[in-house]
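Please open the model in a viewer and keep the sequence at hand. The tour proceeds by selection, each stop followed by what is found there.

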Amino acid sequence: MFDFSKQDPTIWNAIQKENNRQENVIELIASENIASQAVRAAQGSILTNKYAVGYPNKRVYTGNEALDIIDQVAKQRAEQLFHAEYANVLPHSGTQANQAVYSAFLNPGDRILSMSEHAGGHFTHGQKHNFSGQLYKSYFYGVDPQTELLDYDHIEEIAKEVHPKLIIAGASAYSHIIDWTQFRRIADEVGAFLMVDMAHIAGLVAAGLHPNPVAVADVVTSTTHKTLRGPRGGMILAKAKYADRLDNAVFPVSQSGSLEHVVAAKAIAYQEALQPAFKQYAQQVIKNAQAMAKVFNESNVVRVVSGGTENHEMTLDLNPVHMTGEQAANLLYSVGIATNKELLPLETGNTMEGIRIGTPTITSRHFDEAAAAKVAQLIVTVLSNPTDEVALKRASQQVQQLVNEHPIDR
Ligand code: PLP
């Protein structure tokens, strides 16, 4: 990176501090990852200097010859990667992708049906503290109280009562394969559009390790920075028949100039995800998560919500160790393990009695199942000895050893 330490020591030092943190922490936040050097180089490039308002060959300003190429290549690669008839790679974030889709398919006051936050849904799917819950009438489905899995018959019952205009499938904290065809069946039965938000699992879908929702849903949104390992951003995939209304919903309805440095970085990430090595990476993400779930299950110290994982993440129920998610996340962070507090499907309040664990970042650092199992064992040890200074010190030394053995690719 260009050394601007003398020009702006405050920001330079903050970046060094964050770099140091990333190197020395075992990062288990399920929505994070480590983008490649090429992705980061494009994102930090001179493309940030140029305005690109509108779509290729129909720009508001002159001088978009190079940016037209970038936009077109990024779009084509997204369509190729996800077998989509149409892609829009311009949304600045997952939230803006969702916002654009709602504005394309809904009018204010229309009913939407989505997964509750307790069950693992995202707050842009209709929560009251978000524009989506303020503009639209939101209704929620949860998971089966026994299995903690999606119960499609129950979702069908709710959909028949609510008659939503849009059903949203997809989650931020759900550790199992989602059957998009069941959602399609339900949406067709009640005459709703079906949107899938695959932000968390996009990399697994790209690698063919989770069913692809693109052919089944009317529209699919995603972020590009989670399992997909691209730059921070959003995208929309859909059937060609929705292209005009979605293009219009992104520009001019929900944004003006696109972030072409980010679009270029997205194009690189799509290309990376098309390589065989990415499939191996995604396979390892799942194997690592399953190796960790096995340790947790055998420990009897924490409970894995729904009993296991089929993807990159899982939620741990902390009731057996009498800790809140915040307490556990802070304790683990004190030894160098980063997680986040999480609601449990069955908790009655909003305390957040769980933590979420994800393996995308450690897998990018080449942790294998044995190393992932060691991390899980460290979590078990820390959570069962919260006040034992010696045990905590030993855990933090073991964290240092693991991060030293798995340096970040630079
Ligand atoms: N959708 C889902 C399922 C998510 O998990 C997230 C982010 O956590 C988003 C949307 C929002 O993405 P962004 O933070 O890029 O707005």
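Select Met-195 together with strand β9: the bridge partner of Met-195 in β9 is Val-219. This is a predicted model, and the pairing at this stop belongs to the contact between β8 and β9 (residues 219–223), which run parallel to each other over three bridges.

Now extend the selection to the whole of β8, residues 193–197. Is this strand mostly covered or mostly open? Four of its five residues are buried, so that the answer is mostly covered.

Next, add strand β7, residues 166–169, which pairs with β8 over four bridges, again in the parallel sense. To locate one of these contacts, display Ala-169, whose bridge partner in β8 is Val-196. Which helix joins β7 and β8 in a β-α-β unit? Select residues 180–190: this is helix α7, and the unit that it makes with the two strands is right-handed.

**The ligand**

Display the ligand and the shell of 13 residues that surround it. The closest of them are Ser-93, Gly-94, Thr-95, Ser-172 and Ala-199. Colour the shell by residue class: 11 of its residues are polar, one is nonpolar and one is charged.

**The antiparallel sheet**

Move to the open sheet of four strands, and trace it in the order β11-β12-β15-β14; the pairing here is antiparallel. Which strands form the edges? They are β11, residues 303–304, and β14, each of which pairs on one side only. Begin at the β11 edge, where β11 meets β12 (residues 313–317) over two bridges in the antiparallel sense. Selecting Arg-303 shows one end of such a bridge, and its partner in β12 is Asp-317.

**Helix α12 and its cover**

Finally, select helix α12, residues 325–334, and highlight Gly-325, Ala-328, Ala-329, Leu-331 and Leu-332, which are buried. Viewed along the helix axis, these residues lie on the same side of α12, because the arc that they cover is only 165°. What lies over this buried face? Select β13 (337–338), β14 (340–342), β15 (354–358) and α14 (369–384), which are among the elements covering the buried residues of α12. Two of these, β14 and β15, were already met in the antiparallel sheet. The last stop is Gly-336, just after α12, where phi is positive at about 100°.

Note on methods. Residues are numbered from 1 along each chain as its sequence is written. This is a predicted model: local features need pLDDT of at least 70, side-chain atom pairs count only at pLDDT 80 or more; totals for chains, interfaces and linings use all residues. A residue is near a molecule or strand if its C-beta atom, placed from the backbone, lies within 6 Å of it. Ala, Val, Leu, Ile, Met, Phe, Trp, Tyr, Cys and Pro count as nonpolar, Asp, Glu, Lys and Arg as charged, and the others, Gly among them, as polar. A residue is buried if 20 or more other C-beta atoms lie within 10 Å of its own, exposed if 12 or fewer, and partly exposed in between; C-beta atoms are placed from the backbone. The arc is that of the directions from the helix axis to the C-beta atoms. Two residues are in contact if their C-beta atoms, placed from the backbone, lie within 7 Å. Two strands pair if DSSP finds at least two bridges between them. A crossover is right-handed if, with the strands pointing away from the viewer, the path from the first strand over the helix to the second runs clockwise.
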